[in-house]
Structures are given as C-alpha cells and as structure tokens.
Amino acid sequence: MPIPPLLQVERLALGGAAGKQAQELSFVLNPGEVMGVVGPPDSGKSALLRALAGIQRSEPGRVRICGRSPGSLQTRALVGYVPSAPALYEEFTCVEYLGFFAEAFGLENHYRPYLIRESLRLVRLEDCLRTAIADLRSHGVRRRLALARALVHDPHLLVVDDALARLDRVEARQMVEVLGEIRNTGKTLVLSGPSLAELAGLCSHLCILVGHQPLACGEVRALRPRISNLRMMQVQLLDHVPEAVRRLEGDRRVFHLLQNLPNYNLLRFLFDGTSDEFDELLESLRRAGVSIVSYAEDPSFLGLMAGP
C-alpha cells in the first residue's frame, strides 16, 4: 500500500465574493517542503491555514494529513499551529508555559524535559528556560516562544500564520533562519504573509490568494512562468478617482483593488501583465481624464520568485 503524502488538499473552496463561483484549491506537500501562502489582507490566508490545522471545517473539499482528517485527536498531534496573534501566559516562565502544553498533548513525563529543551533550542531560546514570559520584551523573542509551543509535541506539519508579523528586520532575519533550521529537520511548513519578502528563499511551493480565490498554486519552479508578470502596484491619483476605480475593476488583469483610507486617492492592486501593458493601462486612465501623481511597485510581494 503506498504511503500517503504528509499533506494533501483536494478541491478545497475558501469562499469569496457573492455571485462568483468559488475556485477550488488542490496541492500536495511532502516532508521537508515549505509552502508560502501570500495575498493581500482578507484574501483567505488565515482561513486556509485554520483548515489545514483542523480548527476550521474544510468543506467543500478535503484535507488529509498523513492520510487522516485534521479534525481527529490523533491527527492534531501531527500539527503545530501558530496563529497571527498567539496568546502567551504572562504569569508563567518559558518552561512552565511549554510544560503546560506538553501535558495538554499527553506527552509522557519522562520525555517532557527533553522535548521542552529541544523546542527551545530549535527557536534559539535555550537560555530562556527559567525566564518569566512577562520579562520577554522583544516581539521577536515572544514570537519564537509561540513557535516553540507549536513544536513541543514534535509535530510533522508546522502551520504559521503571518510568520513575520510586526518583526523588525533583524527579528525577521532570525525568524527566517529558525524556520529554515526547522525545515531541515524534515518537517513540512506552511507559512503565510501579505508578501513573501524574506521568506521567498525558504519556499518550495507557493499559493497566491486574492479574494479567497487561488490565483496560482503549486511548485515554485513550475509557477515561475505563470507569475513572472504578477506585481503589486500602488497608484496615487489627483482626481477622477471613481472613474479610475470603475476602469480598473473592469480590467481582467487587475485583481484585489483597494483604496487606502483615509487617503482616498491612493489605489493598490495586483496587476498581471508586462511593464508595457501597465504603461498602456495608465495611459488609458489618462485618456479618460484621470490625473496620475505617481505609481510604484512593491518588490517584496513575491520576493525573488517572480524573477528569472
């Protein structure tokens, strides 16, 4: 009998805008593979990760972890999940915090000290064993402690929502290094964020979500031709904003158009096209009487993945 993949997602629908048919999401991940889930705010990233962790129902569609449903008690022991805003128990020390979750997972007493120390070692916090959580001032350190909590029961699959949220550059670099070391132990990782930025070098797979719909999903090497022209753009307008919004919403190459409030004249959207095609789009807006003050691309959206 063939061994099932570590993570298998089949025909999963995340919902979307009313009146639009939901597109289905399917992919497979094996040990040591890393998927980056990227998309604008409210694009369905957290919903997907909660479905993988068994916190949210995956109907319609099917999620299997080592061939089992993620909702079962046996399967939950195979998954470590870090939400975008994890709760830390301030009155505990780090060892007490991890010990609480080790007990909750039913880990045998004689294994707990080793697993607690090993999870702290993996996130580079082995010196914080007796430190009170209330004394941890760095957001990066607190974020890595939450990661240690998700690792304490030695799961096969690690799911981290908004992996680099609120981290400065140094903290983000440390987190990326830690996640790479966790991947090297053979664990499978699913990481989400508004852009790939520093995570691009870690990912073997990519899922781009827009409006709770998959825009692209699969192995990075196979997706490169598909995403080579995909870019996150920001356009500052002087006037005729409603006309610009109407025209952009009607363009099949424009996805997830957002108006940044309170700056009503600032538009942000995904554009699927070449630089020449984007210039043509801007020129069509000018011909319609729209005055464009400036425009810029966010190069961190896909990191280095969209390059050659």
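In the predicted model, strand S11 and strand S12, the latter spanning residues 266-272, are joined by four bridges and run in the antiparallel sense. Within this part of the structure, Val254 is placed opposite Phe271 of S12. The two strands belong to an open sheet of four strands, ordered S11-S12-S10-S13, in which the pairing is antiparallel. Strand S11 (254-259) and strand S13 (292-298) occupy the edges and have a single partner strand each, so that one side of each is left without a neighbour in the sheet. From one strand to the next, the twist averages 20°.

Two helices are associated with this sheet. Helix H8, formed by residues 241-249, packs on the sheet and touches strand S10 (230-237) as well as S11 and S12, and its direction makes an angle of about 155° with that of S11. Helix H9, formed by residues 275-287, lies across S10, S11, S12 and S13, and runs at about 155° to S13.

A further packing arrangement involves helices H3 and H4. Helix H3 (residues 94-104) packs with helix H4 (residues 112-122) at an angle of about 120°, the axes being 10 Å apart. Because of this angle, H3 is oblique to H4, and the crossing of the two helices is right-handed. On the H3 side, the contact is made by Val95, Leu98, Gly99, Ala102 and Glu103, whereas H4 contributes Arg112, Ile116, Ser119 and Leu120. By character, the residues of the contact of H3 with H4 comprise five nonpolar, two polar and two charged.

Methods. Residues numbered from 1 in each chain as written. Predicted model: local features only at pLDDT ≥ 70, side-chain atom pairs only at ≥ 80, totals over all residues. Heavy atoms only, no water. Axes fitted to C-alpha atoms, helices over the stretch in contact; angles between N-to-C directions. Parallel < 35°, antiparallel > 145°, perpendicular 65-115°, else oblique. Left-handed = near helix turned anticlockwise from the far one by under 90°. Contact = heavy atoms within 4.5 Å. Nonpolar A, V, L, I, M, F, W, Y, C, P; charged D, E, K, R; others polar. Pairing = 2+ DSSP bridges.
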